[in-house]
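Below are some numbered points on the model, written for a colleague who has it open. Please read them alongside the coordinates.

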Amino acid sequence: MEFEDLQKIWDSQSNQYLYTINETAMYNYIASKKKKTFLIANTSELFLIAVNLFTGTALVFMSISNWKLMFFPILTAAWMYITATYVLIHRIGRRKSDRLFDKSIFGNLTHAISTATYQVRLSMLMRWNIIPIAILSCWGVWNKKHSVWITGLILLVFVIAYFASNWEHGIHQKRKRDLEALQDTLQK
Amino acid sequence: MTEIEQQDIFHQWLDQYKALLFKIVRSYAFNAMDRDDLFQEILIQIWRSVPAFRQDASVTTWLYRISLNTAIKWTGKEQKHTQAESLDKVPSILQEHALQTDERLTWLYEEIYQLNKIDRSVALLLLDGFSYKEMAVILGITESNIGVKINRIKKQLIMQSKKGGHHGI
């Protein structure tokens, strides 16, 4: 057989639709995406609450251990408690809104996008939240007449944390965009 | 570009060029799970590419460029699902169309799949009637290189068709 004959076979049939889209499999695929999104949101909320409560409490104990309240650690601890409370309130709100979405493919996907949007917002807020904590911490250390190197080192840790947080935020944004693209495909 | 505009263009492309995407998926993915995976990946990349599309290339050329690049990257990215057993466990998103039973075309796809990942792209573009120049633009390689590859691909396909003598070839 010559190449022209192969070309004829190709031309006669290759533009037919080779596949159809299986709705049930699509549903399962989306359900697994939704589950993954919820797991990420859940873990990061619990992690943020735990870290803020633990660090805040540790700062309070450190400040009152010698029966003399220190201004900056207490202020930092208060900020961390506020952060933990904020995350907790939003977590409750998110869990309540779970009931608003139906169990259809589209409903599942909309739910997953809603959770991903929440996650993007949360990671953005937590990234900005590093700044006041860094200021309070560095100010506190500086005020206690520690060397400039120690203050610089603490600042460096916060700068690294900020960039790491930025990177994490990018991952959540990408996941959200992927879900939106999938939703668009489904709507067609 | 607003999101609604992006959505409209994406819908339009998907509607008109679905067959093109299916061809690429079939040429690059070994089994149903891989086909699903690659299909999703291609759709996502096309969605992202919509705002970057300029009218200096045709939509077909653009879609081929995006889809083939995605398929080539996807092929090298990870160990694919080559075990047939996994097919039974997970239902596939893309199901083969019942009308599509021509053995000669199936044979042709199998032969394309045997080529290396770049040659697969060249074979698809060749069979879809693209010029050397267009292929060079889509794949980012020189026209002379395209010519060499085409000669090799044609020889191989002809040789295989003569060797086989089955599937109505």
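1. Glu111(B) sits in helix α5 of chain B. This is a predicted model, and what follows should be read as such. With a relative accessible area of 12%, Glu111(B) falls under the 20% cut-off and is therefore buried. Leaving aside residues up to four places away in sequence, Glu111(B) touches Leu157(B) and Gln160(B).

2. Helix α5 of chain B covers residues 103-114, and helix α6 of chain B covers residues 117-127. The axes of the two come within 8 Å and cross at roughly 140°. An angle counts as roughly antiparallel over 145 degrees, and α5(B) and α6(B) are therefore oblique to each other. The crossing of α5(B) past α6(B) is right-handed. On the α5(B) side the contact is made by Leu108(B), Ile112(B) and Tyr113(B), and on the α6(B) side by Arg120(B), Ala123(B) and Leu127(B). By class these residues are five nonpolar, no polar and one charged.

3. A second helix pair in chain B is formed by α1 (residues 3-28) and α2 (residues 32-49), which pack at an angle of about 145° with their axes 10 Å apart. Here too α1(B) passes α2(B) in a right-handed crossing. The residues that α1(B) brings to the contact include Phe10(B), Trp13(B), Leu14(B), Phe22(B) and Tyr28(B), while those from α2(B) include Arg35(B), Leu38(B), Phe39(B), Ile42(B) and Trp47(B). The contact of α1(B) with α2(B) comprises 14 nonpolar, three polar and one charged residues.

4. What is the order of elements in chain B from the N terminus on? The elements run α-α-α-α-β-α-α-α-α, that is, eight helices and one strand. Chain B has 169 residues, of which 50% count as buried. Among contacts in chain B with a separation of 6 or more, 72% are between residues 24 or more positions apart.

5. Confidence in chain B varies by element. The chain averages a pLDDT of 79, and 81% of its residues score at least 70. Confidence is highest in α6(B), at a mean of 87, and lowest in helix α4 of chain B (residues 85-89), at 41. Over residues 82-90 of chain B pLDDT stays under 50, and the model has eight contacts beyond four places in sequence for this stretch. Where pLDDT is low, the predicted coordinates should not be read in detail.

6. For chain A the mean pLDDT is 81, with 84% of its residues at 70 or more. Which element of chain A has the lowest confidence, and which the highest? The lowest is strand β1 of chain A (residues 19-21), at a mean of 65, and the highest is helix α3 of chain A (residues 71-97), at 89.

7. One residue of helix α3 of chain A can be singled out: Leu88(A). Is Leu88(A) buried, exposed or partly exposed? Its relative accessible area is 40%, and the partly exposed class lies between 20% and 50%, so Leu88(A) is partly exposed. Leu88(A) and Glu45(A) are 43 residues apart in sequence, yet their C-alpha atoms are 7.5 Å apart in space.

8. For the complex as a whole, the predictor gives an ipTM of 0.74 and a pTM of 0.54.

How values were computed. Residues are numbered from 1 along each chain as its sequence is written. Chains are lettered from A and ligands numbered from 1 in the order in which they are written. This is a predicted model: local features need pLDDT of at least 70, side-chain atom pairs count only at pLDDT 80 or more; totals for chains, interfaces and linings use all residues. Side-chain values use heavy atoms; hydrogens and water are left out. Axes are lines fitted to C-alpha atoms, for helices over the stretch in contact, and angles run from 0 to 180 degrees between N-to-C directions. Helices (H or I, at least four residues) and strands (E, at least two) are DSSP runs, numbered from the N terminus. Angles under 35 degrees count as roughly parallel, over 145 as roughly antiparallel, 65 to 115 as roughly perpendicular and the rest as oblique. A crossing is left-handed if the near helix is turned anticlockwise from the far one by less than a right angle, and right-handed if clockwise. Contact means heavy atoms within 4.5 Å. Ala, Val, Leu, Ile, Met, Phe, Trp, Tyr, Cys and Pro count as nonpolar, Asp, Glu, Lys and Arg as charged, and the others, Gly among them, as polar. pLDDT is the predictor's confidence in each residue, from 0 to 100. Buried means under 20% relative accessible area, exposed over 50%, partly exposed in between (1.4 Å probe, protein chains only).
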